[in-house]
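Colleague: I am new to this structure and would like a close look at a single part, the strands and the core they share. Could you take me through that part slowly, one pairing after another?

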Amino acid sequence: MNVKADPEDHLQIGAPLQGLISKMLVKTGQKVKKNEPLFIIEAMKMETTITSVSDQKIKKIILKEGEMVSSEDLVVVLG
């Protein structure tokens with residue numbers, strides 16, 4: 001069971017659906033712009049790209065590439 005993202009905290013990026021983190025596109029400490037891709041989730045042979053909600057820095061990556069996630073699992077913390 002993974003930690004869930006706090007829906008009230010816009011700096012916590014959670015998985016919007018259940019699937020596999022097929023590709024992590026950022027590293028800890030990296031600066032990202034609003035709408036920049038963070039990671040890709042694969043579910044039922046479809047890929048969904050999750051993007052940054054604002055110009056931020058990657059504070060912490062909680063889950064790694066290749067891990068299974070459930071909806072709302074915390075994946076990346078901005079800060």
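Modeller: In this predicted model, Met24 stands opposite Phe39, a residue of strand 4. The two strands concerned are strand 2, which covers residues 19-24, and strand 4, which covers residues 37-43, and they pair in the antiparallel sense over 4 bridges. This pair belongs to an open sheet of 4 strands, whose order is 5-4-2-7 and whose pairing is antiparallel. Strand 5 (46-51) and strand 7 (68-69) stand at the edges of the sheet with a single partner strand each, and therefore one side of each is left without a neighbour there.

Met24 and Phe39 also lead into the core. The largest nonpolar core has 17 residues, and those that touch the most other members are Met24, Phe39, Ile58, Val75 and Val76. At least two residues of this core come from each of strand 2, strand 4, strand 6 (56-61) and strand 8 (74-78). If residues up to four places away in sequence are not counted, Met24 touches Leu38, Phe39, Ile61, Leu63, Glu65, Val75 and Val76.

Val76 takes us to strand 8, which is mostly covered, as 5 of its 5 residues are buried. Strand 8 pairs with strand 1 (residues 12-14) in the antiparallel sense over 3 bridges, and within that pairing Val76 is the bridge partner of Ile13. Strand 6 and strand 8 likewise run antiparallel and are joined by 3 bridges, with Leu78 of strand 8 serving as the bridge partner of Ile58.

Leu78 has a further contact that is worth following, since it leads from the strands to a loop. Ser52, whose place is in the loop between strand 5 and strand 6, touches Leu78 together with Val32, Lys33, Lys34, Asn35, Glu36 and Leu38, again leaving out residues up to four places away in sequence. Is Ser52 buried or exposed? Its relative accessible area is 1%, and because buried means under 20%, Ser52 counts as buried. A polar atom of the side chain of Ser52 lies 2.6 Å from the backbone oxygen of Ser54.

Leu38, finally, is a residue to look for when you return to the model, as it appears among the contacts of Met24 and also among those of Ser52.

Methods: Residues numbered from 1 in each chain as written. Predicted model: local features only at pLDDT ≥ 70, side-chain atom pairs only at ≥ 80, totals over all residues. Heavy atoms only, no water. Pairing = 2+ DSSP bridges. Core = buried A, V, L, I, M, F, W, Y, C linked by side-chain atoms within 4.5 Å. Buried < 20%, exposed > 50% of the residue type's maximum accessible area, 1.4 Å probe, protein only. Contact = heavy atoms within 4.5 Å. Polar contact = N/O pair within 3.5 Å; in protein donor to acceptor, adjacent residues only side chain to side chain.
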